[in-house]
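Q: Hey, I've got a new structure to look at and I'm not sure where to start. Can you walk me through it?

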Amino acid sequence: LCHRHYPTVEVRAKTFNGSTHVPVPEDDAFLKALLFELRLTDQNFVEYRDTCTRLDTSPVYSVRTEAGDLWPVVAFQKGDLIYACLPLVEEALKPRPPILSISGISQGLDLLTGILDYISPSRKNEAELSARVAQLWNLLLQACPLGTPLQTNLRSLNSSFDDIQDFSTHTDPKQPAWRTNTYKGKPHVNVSISEKVKCMQYDQRDVMDVWQVHGTVTCKCDIEGAAPNVTLSLNLPTNGSPLQDFVVHHCVTSLDSAMLMSSSVDTSDDSAFSGPYKFPFIPPSDSFDLCSYTSQVPVPPILGRYQLNEEGSQLKFSINLKLHESIKNAFDYCEARLPFFNRGPITHLEYKVSYGQLDLSREKSLLLWVIGQKFPKSLEISLTGTVTFGPKTEETPNDIICIGNTAYVKLYFRIPDFTLTGCYVDQHSVQLFSPGKPKINSSRELISCDYYIWNSKASAPIMYKTLF
């Protein structure tokens, strides 16, 4: 829908790489290569793209073109739209530098997120979507005039050229480009830590269970001044899991080198930096993601076993779930979903549940086990039952992976005021170098994300490498 080249940036890229430089192809050729890399045009197995030995670094991709591989291409899909950019790497690309050392990647991702935030409200209205896409040209002139993102909050920019001069002349010379206005009033700082836990459990001796945490720290700083200085520290308890793979907002002015070196990819180094993790920054005017991180926690929050056996026209299933004793037993919600693929609707159901409530979906192809807001004192619950299916219909859910007894239980939960790593922010860890005592609010949450428990009585897709 909308694309833009920056010839000056391409010249700089060629200067850094000389004869090894890979030029950006024509728009149609680039789009075709990107769709192929994202497996949106050819979903058949392709060795170099789909081999399990290739490390998944999404949303950073290497896009194969006729002239060579374009890297790093930052791309992600949201709804029916794809957002992509090719950041400048201010050094030679052979050998490839570590992703965490390339500041252009986080800047490009931040700009794409700003475009997404601008486009999203209009995605369901084609006329409004077309109008917003048409305005992107003018907005990018202000936000990224020569290829360097100066402002990533596109909604705060003016969509016409009329006020561009006023935008620049009325700005304090000390005020960074990402602070589009000056706040007046009592200082407030809101910090939110959101951790998502991703998990694959198999309950098999020869298959290793895998899980990982991905955290995001979001801030909203209402502080007077053109360029206020803020320092925020993330803290861990004594037994907290070290944070790794930091990606920070470009407003951060400095960073401890030990934080950048803490990587989950480098398995040869057992050292881990346990903080404190300090972030000095000049905050944007609106809410922004200060940083993201990953962590390898010692145990998943909920351990599970799923067993499914086919006996004639019936399926017998058994599920056991145990909440780890270190986890806060207070959920906003907690439920387990048992989908049955490639079969007809459920015509008969018999079950015994030790805790919670079991419901059958309207399509009669999914069982919903509503656990609620608390596990019992034993922290263990179970569900057993038998299901019988009718003939297949057009509404029958299909899946090319879940065939026969290959099936899973997927958990959905949210725990407020809790993080799996133990990461937290207190009032003393936020410092403002501005007049007035700030009001500081902080919140935490743990959310499940792709939390699967596979049937231990059948084969299942295996992933041994990191999940993110």
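Q: How many bridges join strand 12 to strand 17?
A: There are 5 bridges between strand 12 (residues 333-339) and strand 17 (residues 408-416), and the two strands run antiparallel. One spot to find is Tyr-333, which stands opposite Arg-414 in strand 17.

Q: What counts as a strand here, and when do two of them pair?
A: Strands (E, at least two residues) and helices (H or I, at least four) are DSSP runs, numbered from the N terminus. Two strands pair if DSSP finds at least two bridges between them.

Q: Anything I should know about the model itself?
A: This is a predicted model, where local features need pLDDT of at least 70 and side-chain atom pairs count only at pLDDT 80 or more, while totals for chains, interfaces and linings use all residues. Residues are numbered from 1 along each chain as its sequence is written, and side-chain values use heavy atoms, with hydrogens and water left out.

Q: OK, back to strands. Which order do the 9 strands of the open sheet have?
A: The order is 7-9-5-4-19-17-12-15-14, and the pairing is mixed. Strand 7 and strand 14 (357-360) stand at the edges with a single partner strand each, so one side of each has no neighbour in the sheet. On average, neighbouring strands of this sheet are turned by 15° against each other, direction ignored. For that angle, the axes are lines fitted to C-alpha atoms (for helices over the stretch in contact), and angles run from 0 to 180 degrees between N-to-C directions.

Q: How many bridges join strand 12 to strand 15?
A: 5 bridges, and those strands run antiparallel. Glu-335 stands opposite Val-370 in strand 15 there. Strand 14 and strand 15 are also antiparallel, joined by 4 bridges, and Leu-358 stands opposite Trp-369 in strand 15.

Q: Which side chains of strand 15 are buried?
A: Along strand 15 (residues 366-370) the side chains alternate. Leu-367 and Trp-369 point to one face and are buried, while Leu-366, Leu-368 and Val-370 point to the other and are not. Buried means under 20% relative accessible area, exposed means over 50%, and partly exposed is in between (1.4 Å probe, protein chains only).

Q: What about the loop between strand 14 and strand 15?
A: The hairpin has 5 residues between the strands, and Lys-364 takes a positive phi near 60° there. Ser-365 is in that loop too, and its 12% relative accessibility is why it counts as buried. Leaving out residues up to four places away in sequence, Ser-365 touches Leu-338, Pro-339, Phe-340 and Pro-397. Contact means heavy atoms within 4.5 Å.

Q: Is Val-353 buried or partly exposed?
A: Val-353, in strand 13 (residues 346-353), counts as partly exposed because its relative accessibility is 26%. Val-353 and Ser-382 are 29 residues apart in sequence, and their C-alpha atoms are 6.1 Å apart in space. Not counting residues up to four places away in sequence, Val-353 touches Trp-369, Ser-382 and Leu-383.

Q: Switching to helices. How many residues does helix 4 have?
A: Helix 4 (residues 103-119) has 17 residues and reaches 25 Å from its first C-alpha to its last, close to the 24 Å expected. The expected span is 1.5 Å times one less than the number of residues. 12 of its 17 residues are buried, so helix 4 is largely enclosed by the rest of the structure. Among the buried ones are Gly-104, Leu-111 and Tyr-118. What covers the buried residues includes strand 1 (60-65), strand 2 (68-78), strand 3 (81-85), helix 5 (126-143) and strand 7 (244-248).

Q: And which residues of helix 2 are buried?
A: In helix 2 (residues 27-37), they are Phe-30, Ala-33, Leu-34 and Glu-37. They cover an arc of only 100° around the axis (taken from the directions from the helix axis to the C-beta atoms), which puts them on the same side of helix 2. Their cover includes helix 3 (47-50), strand 1, strand 2 and strand 3. The face turned away from that buried side carries the exposed residues Asp-28 and Lys-32. Arg-39, with a positive phi near 60°, follows helix 2.

Q: Last one: which domains does the chain have?
A: The assignment gives domain 1 (7-159), domain 2 (188-194 + 205-298 + 422-442) and domain 3 (302-417). These bounds come from an automatic or database domain assignment. The C-alpha centres of domain 2 and domain 3 lie 36 Å apart.
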